[in-house]
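Welcome! Take a moment to turn the model around on your screen before reading on. The notes below walk through some of its parts one by one.

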Amino acid sequence: MAKSHIELTINGKKVEALVEPRTLLIHFLREQQNLTGAHIGCDTGHCGACTVEMDDMSVKSCMTFAVQANGASITTIEGMANPDGTLSALQEGFRMMHGLQCGYCTPGMILRAHRLLKENPAPTEDEIRNGIAGNLCRCTGYVNIVKAIQYAAAKINGTPFQEAAE
Amino acid sequence: MNDQTKIDQDRAERTEKLQGMGCKRKRVEDVRFTQGKGSYVDDLKLPGMLFGDFVRSPHAHARIKSIDTSRAKALPGVVAVLTAADLKPLGLHYMPTLAGDVQAVLAEEKVLFQNQEVAFVIAEDRYIASDATELVDVEYEALPCIVDPFKSMDADAPILREDIQDKMEGAHGPRKHPNHIFEWTIGDKEATDAVFANADVTIKEMLVDHRTHPSPLETCQSVASFDKVKGELTLWGTFQAPHVIRTVVSLISGLPEHKIHVIAPDIGGGFGNKVGAYAGYVCSVVGSIVLGVPVKWVEDRMENLSTTSFARDYHMTTELAATKDGKIQAMRVHVLADHGAFDACADPSKWPAGFMNICTGSYDIPTAHLAVDGVYTNKASGGVAYRCSFRVTEAVFAIERAVELLADKLGMDAAELRIKNFIKPEQFPYKSALGWEYDSGDYHTAMKKAMDTIGYKELREEQAQKREAFKRGETREIMGIGISFFTEIVGAGPAKNCDILGIAMFDSAEIRIHPTGSVIARMGTKSQGQGHETTYAQIIATEIGIPADDIMIEEGNTDTAPYGLGTYGSRSTPVAGAATAVAARKIKAKAQMIAAHMLEVHEGDLEWDVDRFRVKGLPEKFKTMKEIAWAAYNAPPPNMEPGLEAVNYYEPPNMTYPFGAYFCVMDIDVDTGVAKTRRFYALDDCGTRINPMIIEGQVHGGLTEAFACAMGQEIRYDEHGNVMGASFMDFFLPTAVETPNWETDFTVTPSPHHPIGAKGVGESPHVGGVPCFSNAVNDAYAFLGAGHIQMPHDAWRLWTVGQKLGLHT
């Protein structure tokens, strides 16, 4: 199949590649760019495990062709740590609040939460729950994911985070 | 500060540094998972790797007239197309199931369920493989199908399994019909019937635990790589039981077991889905052996939901007999079990209905009888334990719905009826009428704590007022209070009654202390998100006094880990956790001898103190475990082997019996059928608590899966055997929006036979949660005379309940 030339930025790095027009962005990232952090969970856009950031939007990369990312700037979980390699506020929040178990939904969940906090730096619990409704988790029951995002929001905003009493 | 305070403080500091049992240690796994650095099967990329994809049957039951692969093979990039004709000469067109049946790898003469595997296309990439599946021409002759299990054994029912139609003796005794798999009975039928004949009060209800699917977010997948020169096979896969898979592959392929390297890397959730052996695994192996290059197989979601391992589908006629003051005298249950086209239940060999005989629950029921008939239908095979020990969710659903029905009939409060019939603390160990010996329990304390915390009395008062208001027409909302008091049976299991393919269900741990005092330990289990790398290290830390951060846990590599039976049925902590403690104690015993030599005292003069052996009465004379480790490699006592390591294969003396008290408060709009969970309170008693943070996480997750099962999740078939809704569009997985907030609590009743008293917790919330939700819904409608309402309780079905009751005017 004839291939298309694309140029894009992934995690701050310029990338050029040849892709088939039908190649999905998730397969391009995982198989051609070896960025295996984003996962495939449903193939139908429901689970959000493949969520990446594309030009300041959360995008389900299993519902996006790689050619659609031509010229775009993409951030994946591999680009989420702090520049010094330490865990970013969201990554730390997920760990501290036990917001993950099997880890399969986590990269997509963190990318989605990242966009959510950019657009709404101090969300209510309801806003968090609605904001991550496109990302499924089978392990955690979401309670601790909500806390993880609250933890990150507090850290980013420099406000105190108080874990609910047990 | 006096001396004793100083000593206590010093000890507390050293204990805290260990991050051992009982502390909320943050997870080791999360460092990689939060950075996208987990390594799951589909992340694997090997040079020359090909990709396999299945051609699947559109029919539920059809004869295969012909298969023409020529158009597919002609597609550039296609390397091979396997059919049953290719596998048959190798004896691989069928594979054994864990339940003593055989299962088609690729359909030979007939297909028996929709989406059954018919051919396996191997191509250079997943897109070409997918294209080529469309080019395999299969000619079918459709046959009448069986969807309703109650019609399976009709005289004129079509015979499904022609491969075994003359075999009237199955793996579990005689078969009554060609579509019958087994009949399994336990208990005293005569005595039970006699109690029912003379009882004051009886109830009888058909309770359906409907067909659903574990549906982990990562589907089933494998990569097989056969080295023709060495004759060695490496198989990476989503395996909850990697050692068992290695043995199965050896048995069916004929490859010697030491030349098979099975590796289960990070697994994206299992919940029972990844226990069995699937056609995809076998085809990737055959493909690699035939072609000599690695072959990857990855299920898509539709394939996952419609082919690999459904759960439940138990149709349970449940009866209780009681005195008029509410003492339960007997239980009688008949189950019609729909096993689909092949009996591929993942149960220990001798238990074709799993541990369904735990169905007398938390109650002292002196007499009981259980009969289970398994039948074939034109549906996918499986019958796995979806986040529960074998058939325990079904059993607990039966008893916990039944006691509510009995309470309704007696006009008694459902909590009061339960308390009246609880097994009393002094009755443990308790021998149940259906053969189990419950190791421990304190049900009354747990129930009282739960009722006090939730404010049970006040809730009932509120409900009574709401019901009156509803009758007066002041509200269209009804309120339900769901209760579930469950007892699980987990940690399979004693060798005398539990094996898989003849291998006793022990588990194992191997611990090595390095000279510098850091540790690597390996287990026969395999985490799929449970956090084993974190919690096993906590057990070792407490046992031998080395900080958990200096202990690496490794699972899933069958070359390095000791043989184990894997992770499912909440068996990791009860069995491998016990092995870990025992292996650690062996090390500690040797360390004590080394310390005695180093300190020039008798072993008996030493006592253990957190992370060191010290001389009794001389606390300043001690050797830390770290110092002892160095000495073990450097200057062990004369005549002692150097080194400091131990392995233990633990054969549990009994299973463990976690229990819990759950309460759910639900408000339902009778006009829309929308049910809102106002509160859900879960009190769990899993014995000794290793990591409270992880336990709470497990409870949250299990409750969410229980919520899904009870309130909407279902694998449904139409009358033609078409699977309805095998995608996340139709199959209900709750999002953060629908999922209720969870309140957790606990009591601690340690297991008397487990080295650290732990019982397992991962599945309790699912087992206890499903009946709790269903009871809440049923309780809400009970005053309107609805009778038993079957699950799942989605809004549409609850709307139809209101419709039938004439509530919609």
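In which hand does α2(A) pass α3(A)? The crossing of α2(A) over α3(A) is right-handed. Please keep in mind as you look that this is a predicted model.

**The helix pair in chain A**

The axes of α2(A) and α3(A) come within 10 Å, and they cross at roughly 125°. An angle from over 115 up to 145 degrees counts as oblique, and therefore α2(A) and α3(A) are oblique to each other. To find where these helices touch, look on α2(A) for A:L90, A:Q91 and A:F94, and on α3(A) for A:T106, A:I110, A:A113 and A:H114. Sorted by class, the residues of this contact are four nonpolar and three polar, with no charged residue.

**Chain A as a whole**

Stepping back, chain A holds five helices and five strands. Following chain A from its N terminus, you meet the elements in the order β-β-α-β-β-β-α-α-α-α. Chain A has a radius of gyration of 16 Å, close to the 15 Å given by the globule rule for 166 residues, so chain A is as compact as a globular protein of that length. Its C-alpha trace spans about 60 × 30 × 25 Å along the principal axes of chain A.

**Where the chains meet**

How many residues does each chain bring to the contact? Chain A gives 45 residues and chain B gives 42 residues. On the side of chain A that touches chain B, the elements giving two or more residues are α2 (89-96), α3 (106-119), α4 (125-131) and α5 (143-157) of chain A. The helix pair described above, α2 and α3 of chain A, is thus among them. This side of chain A is made up of 23 nonpolar, 16 polar and six charged residues.

**Two helix pairs in chain B**

Now move over to chain B, where two pairs of packed helices can be set side by side.

| Helix pair | Residues | Angle | Axis distance |
|---|---|---|---|
| α17(B) and α18(B) | 692-711 and 764-782 | about 40° | 7 Å |
| α10(B) and α11(B) | 392-410 and 414-421 | about 110° | 9 Å |

With its angle of about 40°, the pairing makes α17(B) oblique to α18(B). Helix α17(B) passes α18(B) in a right-handed crossing. Residues of α17(B) in this contact include B:V699, B:G702 and B:L703, while those of α18(B) include B:P765, B:G769 and B:F773. The class count for the contact of α17(B) with α18(B) is ten nonpolar, five polar and one charged.

For the other pair, angles of 65 to 115 degrees count as roughly perpendicular, and α10(B) and α11(B) are therefore roughly perpendicular to each other. Here, too, the crossing of α10(B) past α11(B) is right-handed. Helix α10(B) makes the contact with B:V403, B:E404, B:L406, B:A407 and B:L410, and α11(B) with B:A414, B:L417 and B:R418. Six of the residues in the contact of α10(B) with α11(B) are nonpolar and two are charged, with no polar residue.

**An annotated stretch of chain B**

Finally, which residues of chain B carry a domain feature in UniProt? An unreviewed UniProt entry places the feature "domain: Aldehyde oxidase/xanthine dehydrogenase a/b hammerhead" at residues 35-144 of chain B. Over residues 35-144, chain B is 15% helix and 37% strand. The end C-alpha atoms of this stretch are 52 Å apart.

Note on methods:
Residues are numbered from 1 along each chain as its sequence is written. Chains are lettered from A and ligands numbered from 1 in the order in which they are written. This is a predicted model: local features need pLDDT of at least 70, side-chain atom pairs count only at pLDDT 80 or more; totals for chains, interfaces and linings use all residues. Two residues are in contact if their C-beta atoms, placed from the backbone, lie within 7 Å. Helices (H or I, at least four residues) and strands (E, at least two) are DSSP runs, numbered from the N terminus. Ala, Val, Leu, Ile, Met, Phe, Trp, Tyr, Cys and Pro count as nonpolar, Asp, Glu, Lys and Arg as charged, and the others, Gly among them, as polar. UniProt positions are given in the numbering used here, feature names are shortened, and annotations may be inferred rather than shown by experiment. Axes are lines fitted to C-alpha atoms, for helices over the stretch in contact, and angles run from 0 to 180 degrees between N-to-C directions. Angles under 35 degrees count as roughly parallel, over 145 as roughly antiparallel, 65 to 115 as roughly perpendicular and the rest as oblique. A crossing is left-handed if the near helix is turned anticlockwise from the far one by less than a right angle, and right-handed if clockwise. The radius of gyration is taken over C-alpha atoms; the globule rule is 2.2 Å times the number of residues to the power 0.38.
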